[in-house]
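Here is a short briefing on one protein chain. Please have the sequence and the 3D view open as you read.

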Amino acid sequence: MKLTFKKYGQLQGRDLCEFVLENDHGMSVKLLNYGATLEDVAIPVDGAKRHVILSLKQAEDYSKERNFLGGTVGRIAGRVWHGQWKNGDHILQLPINDGENHIHGGFGLSDQSKGKTLFPFTSACLIQMAITAFPATCSWRQLIL
């Protein structure tokens, strides 16, 4: 398994990064930290790479226009009314981040005009998982590339 990355731009003072995962059989997946976007999936077919999802031409294009190509779903795909989730008798108050409601799992650096979140990678492309207010047993680790 091979992991590579490149920085391809900046948004709100944060690096935009493209990560490429490739297995020993030649299958590769490209991911962006902009909106947790799945940019490309390629599989080897008859000695050539076959791209199996719809993608824009280059990573830079994802922040230029509103689209949902490669969109991934976070902890919640939608809105939670008044940010309240009930589990039995317990009511969990989630952060209010969309008017009077909670949307898409929490806070991040948002490009509001595009509806995308820039996940918290530092200039060294630090990958981390941040959990806010959600009940779960969670483990996380950091990977500095």
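The points below go from the whole chain to single residues.

This is a predicted model. The protein chain has 11 strands and 0 helices. Ser28 in strand E3 serves as the main point of entry here.

**Whole chain**
- Read along the sequence, the pattern is β-β-β-β-β-β-β-β-β-β-β.
- The protein chain has 145 residues, and 31% of them are buried.
- Its accessible surface is about 9500 Å². Carbon and sulfur atoms account for 54% of that surface.
- Take the contacts between residues at least 6 apart in sequence: 36% of these join residues at least 24 apart.

**Strand E3 and its partners**
- Strand E2 covers residues 14-22 and runs antiparallel to E3, with 5 bridges joining the two.
- E2 and E3 form a hairpin, and 5 residues lie between them. Gly26 sits in that turn with a positive phi of about 90°.
- On E3's pairing with strand E4 (residues 37-45), the sense is again antiparallel, over 5 bridges.
- E3 and E4 also form a hairpin, here with 4 residues between them. In this turn, Gly35 has a positive phi of about 70°.

**Ser28**
- Ser28 belongs to E3, which spans residues 28-32.
- Is Ser28 buried or exposed? Its relative accessibility is 8%, so Ser28 counts as buried; the cut-off for buried is under 20%.
- Glu22 stands opposite Ser28. In E4, the residue opposite Ser28 is Ala42.
- Which side chain makes a polar contact with the side chain of Ser28? The partner is the side chain of Lys49, at 3.4 Å.
- Beyond its neighbours within four places in sequence, Ser28 is in contact with Val20, Leu21, Glu22, Asp40, Val41, Ala42 and Lys49. Glu22 and Ala42, the residues opposite Ser28 in the pairings, are thus among its contacts.

**Lys30**
- Lys30 is also a residue of strand E3.
- Lys30 has a relative accessible area of 27%, so it is partly exposed.
- Lys30 and Val20 are 10 residues apart in sequence. Their C-alpha atoms are 4.5 Å apart in space.
- Leaving out residues up to four places away in sequence, Lys30 touches Glu18, Phe19, Val20, Thr37, Leu38, Glu39 and Asp40.
- Val20 and Asp40 appear among the contacts of Ser28 and among those of Lys30.

**Surface patch**
- Which residues make the nonpolar surface patch of about 290 Å²? They are Met1, Leu3 and Leu21.
- Leu3 lies in strand E1, residues 2-11. Its relative accessible area is 35%, so Leu3 is partly exposed.
- Leu21, another member of the patch, is also in contact with Ser28.

**Positive phi outside glycine**
- Gln12 is not a glycine, yet it has a positive phi of about 50°. Gln12 is in the loop between E1 and E2.
- With a relative accessible area of 44%, Gln12 is partly exposed.
- His82 is not a glycine either, and its phi is positive at about 55°. Where is His82 found? His82 is in the loop between strand E6 (79-80) and strand E7 (84-87).
- His82 is partly exposed, at a relative accessible area of 28%.

How values were computed
Residues numbered from 1 in each chain as written. Predicted model: local features only at pLDDT ≥ 70, side-chain atom pairs only at ≥ 80, totals over all residues. Heavy atoms only, no water. Buried < 20%, exposed > 50% of the residue type's maximum accessible area, 1.4 Å probe, protein only. Polar contact = N/O pair within 3.5 Å; in protein donor to acceptor, adjacent residues only side chain to side chain. Contact = heavy atoms within 4.5 Å. Patch = residues over 30% accessible without salt bridge, like charges linked within 9 Å, V, L, I, M, F, W, Y side chains within 5 Å. Areas by Shrake-Rupley, 256 points an atom, 1.4 Å probe, with all protein chains shown as cover. Salt bridge = Lys/Arg side-chain N within 4 Å of Asp/Glu carboxyl O. Pairing = 2+ DSSP bridges.
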